[in-house]
Amino acid sequence: MATIKIRAKAKDGVTTVKTLISHPMDSGLRKNSKTGKLIPAHYVTEVTAEHNGNPVMSANWAGGVSKNPYLSFKFKGGAAGDTLKISWVDNKGESDSAEAKIK
Amino acid sequence: MNLIRRKFVKSTAFLSVGAALVGSGVLIPQRALGAYAADAFAARDIDGALNASLGSSDYSPSDAIKLKAPDIAENGAVVPVTVSSSMANVDAISIIATSNPGPLTSTYQLSSVSEPYVSTRIKMAKTGDVIAVIKADGKLYSATKEVKVTIGGCGG
């Protein structure tokens, strides 16, 4: 299942990337309202972005980032048709990655 | 007897040179792009979180950082935050919510092609300051904004 949505747009030599990841981002501090038990921590720890195979940005996250996280960032260079790859890893070792073409 | 003493002097001399190099910043262990600092998120105070994520807790306010966050967040579970800056050589950006159980929400390691800009959504337990800390040329700069939270987004 694809968990990553990517929009990347190049304008005036700067590429703006917007991405949405589907993830519960449970901090481990919240309780289940019915059972009163803590919901175990389950959050994305690392998001990395690669432009044509070169790393451009990496984000370190924990339970303080909202559920289904949104992330936007910019980098110099990048042209229409280039490949942008976003990958994430969470604290349970699950991971996913997706590629998109820059528009 | 003398031989042992020589060895001892030699090894301590070597150690102190090593320590001096680290202290003077020549041999600061460089964190690779993307290395995850779990201890930074486990830290319960701002200084500890900054030391573990950016290598220092000594930051000064700067007008060159723009921190965009709402004055009032109705839902603390989703607080949009945007950090941008006119500074050059920005290595990393950390976003801190002072009232959260663990104040560090996220750290972004930038590369040489990155623009100093990130936008994301964070959780806030209750009303407090959001601090954006930027590491540029090895120094830390900050911008602070108070966000009033109507419904907290961490406990419950």
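The following dialogue explains how to read several features of a two-chain predicted model.

User: Which conventions and confidence limits apply to this model?

Analyst: Residues are numbered from 1 along each chain as its sequence is written, and chains are lettered from A and ligands numbered from 1 in the order in which they are written. This is a predicted model, in which local features need pLDDT of at least 70 and side-chain atom pairs count only at pLDDT 80 or more, while totals for chains, interfaces and linings use all residues. The model scores ipTM 0.89 and pTM 0.80.

User: What is the mean pLDDT of chain B, and where is the pLDDT below 50?

Analyst: The pLDDT is the predictor's confidence in each residue, from 0 to 100. Where it is low, the predicted coordinates should not be read in detail. Chain B has a mean pLDDT of 80, with 74% of its residues reaching 70 or more. Over residues 17-34 of chain B the pLDDT is below 50, and this stretch has 13 contacts in the model beyond near neighbours in sequence; a contact requires the C-beta atoms of two residues, placed from the backbone, to lie within 7 Å.

User: How many helices and strands does chain A have?

Analyst: Helices (H or I, at least four residues) and strands (E, at least two) are DSSP runs, numbered from the N terminus. Chain A has zero helices and seven strands. Its C-alpha atoms fill a box of roughly 55 × 20 × 20 Å along the principal axes. Of the 103 residues of chain A, 33% count as buried. A residue is buried if 20 or more other C-beta atoms lie within 10 Å of its own, exposed if 12 or fewer, and partly exposed in between, with C-beta atoms placed from the backbone.

User: In what order do the six strands of the open sheet stand?

Analyst: Two strands pair if DSSP finds at least two bridges between them. Here the order is β1(A)-β2(A)-β5(A)-β7(B)-β4(B)-β2(B), with antiparallel pairing. β1 (4-11) of chain A and β2 (65-68) of chain B stand at the edges with a single partner strand each, so one side of each is left without a neighbour in the sheet. On average, neighbouring strands are turned by 10° against each other, direction ignored; the axes are lines fitted to C-alpha atoms, for helices over the stretch in contact, and angles run from 0 to 180 degrees between N-to-C directions.

User: How many bridges join the successive strands, from β1(A) to β2(A), from β2(A) to β5(A), and from β5(A) to β7 of chain B?

Analyst: Eight bridges join β1(A) to β2 (residues 14-21) of chain A, where R7(A) stands opposite K18(A). Seven antiparallel bridges link β2(A) to β5(A), and V14(A) stands opposite K76(A) there. Across the chains, β5(A) pairs with β7 (residues 114-122) of chain B over four bridges, also in the antiparallel sense.

User: Is L71(A) buried or exposed, and which residues does L71(A) touch?

Analyst: L71(A) is found in β5 (residues 70-76) of chain A and is buried, with 24 other C-beta atoms within 10 Å. Not counting residues up to four places away in sequence, L71(A) touches T19(A), V47(A), A59(A) and T120(B). T120(B) is also the bridge partner of L71(A) in β7(B). V47(A) is 24 residues apart from L71(A) in sequence and 9.5 Å apart in space, C-alpha to C-alpha.

User: How many residues are in contact between the chains?

Analyst: The contact involves 29 residues of chain A and 32 residues of chain B. On the side of chain A, the elements that give two or more residues are β3 (44-51), β4 (54-61) and β5. By class, that side has 14 nonpolar, nine polar and six charged residues. Ala, Val, Leu, Ile, Met, Phe, Trp, Tyr, Cys and Pro count as nonpolar, Asp, Glu, Lys and Arg as charged, and the others, Gly among them, as polar. Five antiparallel bridges join β4(A) to β6(B), where A59(A) stands opposite Y108(B).

User: Where do M25(A) and N52(A) lie, and what is the sign of phi in M25(A) and N52(A)?

Analyst: Most residues other than glycine have a negative phi. M25(A) has a positive phi near 50°; M25(A) lies in the loop between β2 and β3 of chain A and is buried, with 23 other C-beta atoms within 10 Å. N52(A) has a positive phi of about 50°, lies in the loop between β3 and β4 of chain A, and is partly exposed, with 13 other C-beta atoms within 10 Å.
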